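The following questions and answers are meant for a student who is learning to read a protein model. Please keep the sequence and the structure in view while reading.

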Amino acid sequence: MEFWLQQTLNALQLGSIYALIALGYTMVYGILRLINFAHGDIFMVGAFVGLAGALWLGLPMVPTLLFTMACTALLGVTIERLAYKPLRNAPRVSAVITALGIGIFLEHFVLGTVGAEPRAFPALIAGGRFDLPGGLTVNSVQILIIGVSVVLMLGLDWFIRGTLTGMAMRAISWDRSVVPLMGINVDRIISLTFAIGSALAAAGGVLFGQAYPIIDPYMGILIGWKAFIAAVVGGIGNIRGAMLGGYILGMTEIYVAAVLPSTYRDFVAFTLLLLLLVFRPTGILGRVQAQKV
Amino acid sequence: MQVQTSWISRWAVPLLVVAGFAVAWAIPRYQLINPYYELILMYVGINIMLTVSLNLVNGYMGEFSVGHAGFMAVGAYVASVLTMRVIPWDMAGYLYPLALIGGGIGAGVVALLVAIPSFRTRGDYLALVTLALNMIVKSVIENIDAVGGPRGFLVMLRLTNLPWVYVWVIVTLWVIRNFIYSNAGRGVLAIREDEVAAELIGVRTREVKLRAFIISAFFAGVAGGLYAHLLQFIHPRNFDILKSTEILIMVYLGGIGSMMGSVLGASIFTVLLEALRFMGVWRMALAPLLLVVLMILRPTGIMGLKEWRGLIPLDERLRLWRLRARKGGSASAAGN
């Protein structure tokens with residue numbers, strides 16, 4: 001029992017990072033119906049910007065996080081303006097392929113500037129272990145990751161449901177053609193969506209650097225695709241679904257690795273998720289859309 | 001009204017195919033070109049097979065499959081195990097086509113696993129299914145110790161040569177062309193336009209999807225077998241998501257729903273990456289930027305649903321001509 005509770009803490013740590021990335025996928029998808037395949041690489045860029053902030057500027061934890069989120073949000077908006085906006089009325093797959101291209105560009109741009117060898121991410125908070133009742137121990141990195149993620153996600157949830165801008169976002173995802181008639185600047189909302197999504201992924205990148213302190217330019221590929229899977233499992237386009245999907249994926253991976261040899265982790269985790277999708281094709285919280293004929 | 005066809009339109013393509021084979025046979029036989037260029041030609045051929053077969057599912061059927069390298073991996077490993085472990089070595093040269101077909105069949109069986117969820121899900125959810133399949137295949141291979149697991153698998157026989165690649169490219173183009181212009185192929189196009197409407201006019205969507213997926217995976221598997229016997233060392237990492245992404249890029253660079261587009265897309269992308277090799281790491285930063293610029297300027301890719309006349313079957317061309325003649329030349333009949 002104790003073992004499983006300890007694993008649950010690890011799962012919450014991993015799941016938080018997946019959830020932060022999955023949010024970016026799901027927000028962009030909700031608004032543009034675009035699978036932003038460059039998002040995993042935005043997460044990677046976030047980790048490297050965080051590394052630059054921590055090493056060169058010598059920033060402590062919270063400023064590093066804010067600095068990284070701001071820089072990466074700017075990057076996300078720039079990509080949206082330059083690459084996706086001209087394709088707003090093109091066939092949907094053109095934008096998806098552009099996203100794939102941007103992702104490969106980001107990987108190799110970082111590879112070219114930083115080099116291929118993995119970099120060590122410095123620890124930004126004092127390490128420490130705390131005993132919980134029931135024989136569990138939790139370390140300061142876990143508290144940091146779960147704490148920061150939960151705060152960011154609660155903030156986002158409030159923003160989407162409680163503010164006028166959030167309402168505009170929900171309106172666009174409901175029906176984009178009507179929203180401009182209400183006097184809402186759609187382009188501004190779309191840019192804001194990319195900014196928020198990229199900032200969350202960047203936060204995920206810095207937190208990832210704290211938990212698993214080796215980062216390299218290709219790390220965004222696998223983690224990004226996994227986060228996409230998490231978003232789909234939760235029901236793509238649904239914000240709470242993405243959070244749920246992230247934690248489900250984290251738990252599946254950690255529990256499988258706890259029981260079986262860790263090389264089976266991806267295999268079992270993906271098979272389970274595939275089965276889930278066969279029985280619930282729209283994801284857990286996804287809306288079933290009636291097909292009109 | 002009888003439409004007269006000229007001698008050229010009837011025989012040009014078969015003659016071209018035969019002449020191409022003569023060239024493909026002569027190049028290694030008499031060492032006409034630098035072996036490095038010959039190697040690139042073989043990679044172009046393998047990539048054409050991968051691109052055309054993925055175009056069948058993504059372009060003609062309108063699904064969004066993103067895990068094509070998974071099928072390639074199955075084909076590569078099955079064919080390699082067949083030539084290395086099953087077929088006696090002195091026979092391997094003769095039975096090589098059978099090994100490749102075995103690899104294709106292996107990939108086709110795996111395709112069944114994708115086709116079944118595709119009955120229930122479409123578009124972005126199917127993307128997830130194929131993506132997960134790609135990861136599962138890679139993970140399974142890494143856990144099979146008999147084929148080297150994560151250490152890779154040494155294929156000691158270099159059985160792939162230019163004539164073989166050429167023959168398989170022609171077979172791929174021929175089979176997929178005939179499939180698209182068959183009854184089932186019309187069903188595939190109908191599914192792309194509107195799946196519900198297709199079902200209402202009597203297309204057996206399940207059967208058609210199943211067939212398209214299996215044909216697509218079969219040729220990806222054969223291409224994987226060719227690739228393995230050219231590279232002589234295969235590794236699960238050769239078949240990861242990045243490889244799938246490359247195939248996707250070639251499909252959409254050339255244009256969906258066009259076999260000529262796929263041929264051009266695969267050729268241009270492969271040659272461009274080789275030509276940029278002097279740039280080192282930066283070539284993989286420049287090539288995607290060129291793709292993005294192309295997508296913005298021409299979102300439907302190079303060919304974009306148009307087809308080169310030579311790849312349209314003759315009676316189909318005649319039918320379109322008649323249609324145009326009847327409508328007084330108003331109907332546009334450029335393939336599609």
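The turns below treat the conventions first, then single residues, the core, the surface and the salt bridges.

Q: What kind of model is this, and what pLDDT do local features need?
A: Residues are numbered from 1 along each chain as its sequence is written, while chains are lettered from A and ligands numbered from 1 in the order in which they are written. Side-chain values use heavy atoms, with hydrogens and water left out, and totals for chains, interfaces and linings use all residues, whereas side-chain atom pairs count only at pLDDT 80 or more and, this being a predicted model, local features need pLDDT of at least 70.

Q: Is Met27(A) buried or exposed?
A: Met27(A) is placed in helix α1 of chain A, residues 2–32; helices (H or I, at least four residues) are DSSP runs, numbered from the N terminus. Three classes are used: buried is under 20% relative accessible area, exposed is over 50%, and partly exposed is in between (1.4 Å probe, protein chains only). With a relative accessible area of 5%, Met27(A) is therefore buried.

Q: Which residue has its C-alpha atom 6.1 Å from that of Met27(A), although the two are 210 residues apart along the chain?
A: Contact means heavy atoms within 4.5 Å. Not counting residues up to four places away in sequence, Met27(A) touches Leu156(A), Met169(A), Thr193(A), Ile196(A) and Ile239(A). The C-alpha atom at 6.1 Å, 210 residues away along the chain, belongs to Gly237(A).

Q: With which side chain does the side chain of Asn47(B) make a polar contact?
A: Asn47(B) lies in helix α2 of chain B, residues 35–60, and counts as buried because its relative accessibility is 10%. Beyond its neighbours within four places in sequence, Asn47(B) is in contact with residues including Lys243(B), Met250(B) and Ala266(B). A polar contact is a pair of N or O atoms within 3.5 Å; within protein, one must be able to donate a hydrogen and the other to accept it, and residues adjacent in sequence count only if both atoms are side-chain atoms. At 3.0 Å, the partner is the side chain of Thr270(B).

Q: Which element gives the largest share of the largest nonpolar core?
A: A nonpolar core is a set of buried Ala, Val, Leu, Ile, Met, Phe, Trp, Tyr and Cys residues joined through side-chain atoms within 4.5 Å. The largest one has 203 residues, and among those that touch the most other members are Tyr84(A), Trp225(A) and Phe71(B). The largest share of this core, 15 residues, comes from α1(A).

Q: What is the relative accessible area of Gln31(B), a residue with positive phi?
A: Gln31(B) is not a glycine, yet its phi is positive, near 50°. Gln31(B) is placed in the loop between α1 (7–30) and α2 of chain B. Gln31(B) is exposed because its relative accessible area is 66%.

Q: Which elements give two or more residues to the nonpolar patch on the surface?
A: Patches are made of residues with over 30% relative accessible area and no salt bridge; like charges are joined within 9 Å, nonpolar side chains (Val, Leu, Ile, Met, Phe, Trp, Tyr) within 5 Å. The nonpolar patch, which includes Phe21(B), Trp25(B) and Tyr36(B), has about 810 Å² of accessible area together, by the Shrake-Rupley method with a 1.4 Å probe, where for residues only the protein chains shown count as cover. The elements that give two or more residues to this patch are α1 and α2 of chain B.

Q: How many residues apart in sequence are the parts that Asp187(A) and Arg88(A) tie together?
A: A salt bridge is a side-chain nitrogen of Lys or Arg within 4 Å of a carboxyl oxygen of Asp or Glu, and Asp187(A) and Arg88(A) form one at 2.7 Å, N to O. Asp187(A) is in helix α7 (residues 186–211) and Arg88(A) in the loop between α3 (61–84) and α4 (92–114) of chain A, so the parts tied together are 99 residues apart.

Q: Which residue forms a salt bridge with Glu316(B)?
A: Glu316(B) counts as buried because its relative accessibility is 10%. The partner counts as partly exposed at 34% relative accessibility. The closest N and O atoms are 2.8 Å apart, and the partner is Arg186(B).
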